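Trainee: I would like to go through this model with you. Could we look at it together?

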Amino acid sequence: MPQARDVHGVPRGLETTTREGESAMIWGIEDPVVTLAYLLSIAGMVTCAVYGWAHWNPDDEPAKPEDVAWAKEEKEDIEKSL
Amino acid sequence: METFTFVVVIVYLLAIGYLGYLGYRQTKTAADYLVAGRNANPVVMALSYGATFISTSAIVGFGGVAANFGMGLLWLTVFNIWVGVFIAFVVFGNPTRRMGHHLDAHTFPELMGKRYGSRAVQVLCALIIFCFMPLYAMAVIIGGAEFIGPIFHISYDAALYLFVAIVAAYVIAGGIKGVMLTDALQGSIMLVGMVALMIITYVKLGGFTAAHQMLAGMSDAVPAPLAAIGHRGWTSMPVFGWAKPGAAPADAARVNLWWTLVSTIVLGVGIGVLAQPQLVVRFMTVKSRQALSRGVAVGGIFIFFMTGVAFVVGALSNAYFAKQEAIRCEIVEEAALFDPGPDGAGALSQLPANAPPEAVARAKKFIGYRLPGDTADRPLHYLLSTPSVKIERDVDDGFDVIRPGMIAIARTITKGTTLKGNSDTIIPIYLNSAFPKWFGVIFLMTLLSAAMSTLSSQFHTMGTAIGRDIFEPMLGGDAARSVRITRTGIVIGLVAALILGKLVRGNIVALATAIFFGVCAASFLPSFVGGLFWRRMTRPGALASIIVGLGSSVFWTVFVNAKTATGLGVCQSLFGKATLIPSSFSPTWAVVDPILVALPLSALAAVVVSLATKPMPAEHVAHVFAK
């Protein structure tokens with residue numbers, strides 16, 4: 001049985017953490033919960049891409065006077081402070 | 001090589017400066033500012049989002065944490081994408097933008113202050129930002145300095161000063177004007193750098209599945225200190241559970257890693273991102289609802305390739321270091337002795353020839369070597385000498401070859417670190433060891449891009465917090481004085497981050513980021529969400545939520561969470577014990593992150609106090625929520 005090692009790679013005699021044959025690995029990853037995280041990350045990326053694509057050219061609301069006023073003040077603030 | 005590196009850095013900085021100037025010239029008026037946003041190339045626009053979100057902290061700090069804790073860190077990527085991008089943009093984005101524009105709010109504290117009609121709310125939010133944001137800025141700066149040092153062969157301190165000087169020049173020269181072209185160039189470089197990092201790593205380790213299998217097969221190499229807290233291998237989640245009150249320390253500790261990984265790293269950072277002041281402001285600066293939707297598309301892809309790649313590569317670096325690394329070098333000394341101090345936990349320092357016998361007895365042996373191209377006046381590189389290290393003399397064109405055969409964190413143990421190593425240096429060491437020098441220089445651009453885009457918005461947020469949000473409402477200052485104070489605030493923030501970066505080093509980047517994100521979530525999230533979506537939320541409710549969230553978060557950090565309480569030492573000096581957890585409570589409470597306690601308490605305070613107090617005047621609510 002393999003042994004846990006200290007930080008220098010020296011065996012410490014602790015019980016092994018290897019669980020050979022315990023479950024089939026997906027993509028070479030031991031724990032299905034980690035595989036799920038990998039899958040959900042990819043799924044999240046795909047969902048965001050599809051959502052963005054579907055809303056790429058929606059009818060956009062026209063700029064309101066308050067939007068223009070806000071942008072004017074923001075630009076002036078940044079120019080003054082830097 | 002250094003000349004090449006300097007030339008690349010200078011060309012990069014000139015390109016950033018030129019694009020900033022170009023973009024600035026194209027947006028002369030406020031109308032241009034809006035129109036440019038509406039007509040810009042969607043890819044250019046979307047890439048600029050990601051550059052602001054991701055910093056060196058995510059790549060270097062959390063990549064190093066993944067090298068320690070394993071691929072379970074991918075749950076943070078899940079939260080980053082689903083919460084930090086999808087929910088943030090789709091649910092919070094447009095309401096924040098509309099309310100910000102309608103109330104003419106330009107900072108997060110100003111938005112909160114105007115929503116609740118309260119200067120106290122505005123000042124309190126600004127004070128929290130000004131006090132805690134240097135912690136996050138420090139994390140970003142350390143992440144950059146740890147990488148720059150080895151690239152330029154300079155000390156950590158010199159790298160810290162150099163990095164801060166570059167960032168300060170960028171910020172002072174107007175980096176925050178960083179209109180989309182600048183941000184987009186930075187985002188593009190980051191994307192290319194991280195995609196290349198992922199592909200090369202997988203190819204090096206034999207392919208997608210083979211690389212994971214190699215890592216999975218190393219679970220017997222988990223260091224004893226990590227196995228003792230529940231580490232089961234780098235492709236597995238740690239042991240889950242909740243220790244019973246009075247459990248033996250060894251049994252109780254078996255679940256610690258799970259709670260650290262999930263509560264501090266995944267939830268602390270994953271949820272905390274929703275209440276980041278600089279992110280909220282970003283929604284207000286988005287020019288249209290259409291831009292927000294487009295941002296979701298590229299934002300999701302961008303975050304996957306930033307954090308997902310950093311975490312996967314971080315974990316896989318163990319397989320590279322243990323199975324493949326071969327250092328081509330000239331070995332200068334095979335048995336240099338480094339002393340970790342009497343308690344074995346101090347910074348390793350080289351023993352002189354006349355060292356006392358007790359120091360020699362506890363000292364560790366290191367191998368000192370020079371890399372090809374290193375001159376004799378440069379300090380040697382040191383590698384811990386262990387039974388796994390194999391040395392081949394004079395085998396490669398006159399050079400020696402060292403095969404360390406050790407995992408990532410052990411590879412970081414060197415002169416100046418403790419025997420625990422420094423996870424913040426794992427990614428830099430991996431890049432320097434596994435990739436050609438030119439890739440290191442390209443990756444330096446990636447990190448500079450990540451840091452500059454994030455830091456410029458951080459320092460601007462700190463400056464406006466003290467100038468616009470504290471000085472103006474409290475003292476009624478005039479605009480000119482407010483600007484001077486804003487600039488002073490930026491300088492104070494820079495200096496504070498620099499001092500913190502000098503004082504604190506080693507395994508700190510991810511922790512500091514998590515603390516800041518946690519404080520933001522507990523203090524701001526309930527009042528921010530309530531402010532956007534709940535008309536019945538009142539001013540006392542918001543104040544109570546912020547105070548309870550901040551108070552409970554700080555209390556838990558200083559007196560309950562074992563890692564932070566021990567590090568700060570306040571609990572020990574006041575009460576004579578490491579944490580205030582009573583013995584009748586589960587010892588697992590000591591590893592639960594503050595966010596799991598402080599955020600629910602803050603939300604409860606918001607709801608209870610709002611319902612218990614008089615609703616805000618109908619005309620104020622109508623004005624705030626006007627379409």
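Trainee: Which residues in H5(B) meet H15(B)?
Mentor: This is a predicted model, in which local features need pLDDT (the predictor's confidence in each residue, 0 to 100) of at least 70, side-chain atom pairs count only at 80 or more, totals for chains, interfaces and linings use all residues, and side-chain values use heavy atoms, without hydrogens and water. Residues are numbered from 1 along each chain as its sequence is written, while chains are lettered from A and ligands numbered from 1 in the order written. Among the residues in contact (heavy atoms within 4.5 Å) are B:Phe86, B:Phe89 and B:Arg97 of H5(B), with B:Arg289, B:Phe304 and B:Phe311 among those of H15(B).

Trainee: What classes of residue are there?
Mentor: The contact of H5(B) with H15(B) has 13 nonpolar, nine polar and two charged residues.

Trainee: And how do their axes run?
Mentor: Helix H5 (residues 74–102) of chain B and H15(B) have axes that come within 9 Å and cross at roughly 165°. H5(B) is therefore roughly antiparallel to H15(B), a class for angles over 145 degrees.

Trainee: At what angle do H15(B) and H18(B) pack?
Mentor: H15 (residues 289–324) and H18 (residues 426–434) of chain B pack at about 60°, their axes 10 Å apart. B:Tyr320 and B:Phe321 of H15(B) are among the contributors, as are B:Ile429 and B:Tyr430 of H18(B). The residues of this contact divide into nine nonpolar, three polar and no charged.

Trainee: New topic: what is the mean pLDDT of chain A?
Mentor: The mean is 72, and 59% of the residues of chain A reach 70 or more. Over residues 1–21 of chain A, pLDDT stays under 50.

Notes:
Axes are lines fitted to C-alpha atoms, for helices over the stretch in contact, and angles run from 0 to 180 degrees between N-to-C directions. Helices (H or I, at least four residues) and strands (E, at least two) are DSSP runs, numbered from the N terminus. Ala, Val, Leu, Ile, Met, Phe, Trp, Tyr, Cys and Pro count as nonpolar, Asp, Glu, Lys and Arg as charged, and the others, Gly among them, as polar. Angles under 35 degrees count as roughly parallel, over 145 as roughly antiparallel, 65 to 115 as roughly perpendicular and the rest as oblique.
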